[in-house]
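I'm opening my notebook on this one and jotting things down as I look them up. Helices come up before strands.

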Amino acid sequence: IKKRIENEVFMNVDVSSNSWGWSSDDFIYDPAIEGVIAGINNGRDKKGIIYVFAAGNEGGDANTNGSIHNSKYVMCISAIDKFGKKASYSNFGANIFLAAPGGTKDEGIVSTSYDNSGNPTYIFPYEEERGTSFSTPVVAGIAALVLQANKNLTWRDVQYILASTANKNDPTSSLWQTNGAGFHIHPYYGFGTPNAYLATKMALNFKGLPKEKISKKYDIEVQKIIPDNDISGVESSIVIDENISIEHVDVWVTTRDPSSSEGDNSLEHHITCLDDLKITLTSPYGTTVVLDHPNLSGKVGNIQNWRYGTHHFMGENSKGKW
């Protein structure tokens, strides 16, 4: 199976722009991640294909919709309007890497289409011409410019360069924070909007990141009841003893209804309201990232080993109490 996946991935691609979504009422594991991993390991002479994915247009938390968008291998892109503010439809969350123009209801993106005879034509922007499917190719194009400036860059190098040179759009938003390494981060915009000039300039003489280090997996069983109708919630901590310069953090979470049978993993008998949960992660530097935002869709059930992913601690050191 692994060999078949590797053969079916387009290994002659430098940048892969993906504007397709998912359909699920629960957290899902997307098997397409295996294809992405194959492209990372084997694409571009093993320097890795640059993967860019649309965050989605549900107006909700992109970190809970599909596992592929939480992956360290992927840059997840949200959409902004002409004023540099979040587009109303755009998904958001801790896994957003960058934001780019995606059009709005009244002012969409000019695109090519087909007339009634099947001939290509230019069309005036109208209501449907908007979405994170339009913002994602913007970032993909800038990533291609970065590779044109320096073809020796790895997929990690490209991510680091784009994050390091991003603009702080919507600067008056109170949701911006600066992490412990000096990166500005935002739940709607990630590191901000890409700056093609600064990114290509940085790429020209970039020597490359050190070899990737991956930490061991740390486990903790909290054994605390999440209180109902109480915003104070529960808190738990874990100490990381490794010194690693962070590029991406994964957090696996499982919740269980204590009234259910031990070991019962079925969701239909659990009464936990997923939409009531807000999950945050705070680094030793005091950077707090919301991994899971509450919403109003009314999902009921437990979280079963769901992987939340974020780049927002980039540059910080892993060692200390989280």
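**Entry: helix H4**

I started with helix H4, residues 155-164, and found it mostly covered, with 8 of its 10 residues buried. This is a predicted model, so I'm reading everything here as computed.

Which residues of H4 are buried? I listed Trp155, Arg156, Asp157, Val158, Gln159, Ile161, Leu162 and Ala163.

Next I checked what these buried residues pack against. I got three helices' worth of entries, H2 (33-46), H3 (132-149) and H5 (196-204), along with strands S2 (50-54), S3 (74-80) and S4 (96-101).

**Entry: helix H5**

I moved on to H5, where I noted Ala199, Thr200 and Ala203 as buried. Looking down the axis of H5, I saw its buried residues fall within an arc of 95°, so they line one face of the helix. That fits the rule I know: an α-helix has 3.6 residues a turn, so residues three or four places apart point the same way.

What covers that buried set? I found H3 and H4 included in the cover. On the other side of H5, I marked Tyr197 and Leu204 as exposed.

I also looked at the N-terminal end of H5, which asparagine 195 caps. One of its side-chain oxygens sits 3.2 Å from the backbone nitrogen of tyrosine 197.

**Entry: strands S11 and S12**

Last, I looked up strand S12 (residues 288-292), which is mostly covered: 4 of its 5 residues are buried. Strand S11 (residues 279-282) runs antiparallel to S12, and 4 bridges join them. I picked out one pairing, threonine 282 with threonine 288 in S12.

How many residues lie between S11 and S12 in their hairpin? I noted 5, and in the turn glycine 286 has a positive phi of about 90°.

Note on methods: Residues are numbered from 1 along each chain as its sequence is written. This is a predicted model: local features need pLDDT of at least 70, side-chain atom pairs count only at pLDDT 80 or more; totals for chains, interfaces and linings use all residues. Side-chain values use heavy atoms; hydrogens and water are left out. Buried means under 20% relative accessible area, exposed over 50%, partly exposed in between (1.4 Å probe, protein chains only). Helices (H or I, at least four residues) and strands (E, at least two) are DSSP runs, numbered from the N terminus. Contact means heavy atoms within 4.5 Å. The arc is that of the directions from the helix axis to the C-beta atoms. A polar contact is a pair of N or O atoms within 3.5 Å; within protein, one must be able to donate a hydrogen and the other to accept it, and residues adjacent in sequence count only if both atoms are side-chain atoms. Two strands pair if DSSP finds at least two bridges between them.
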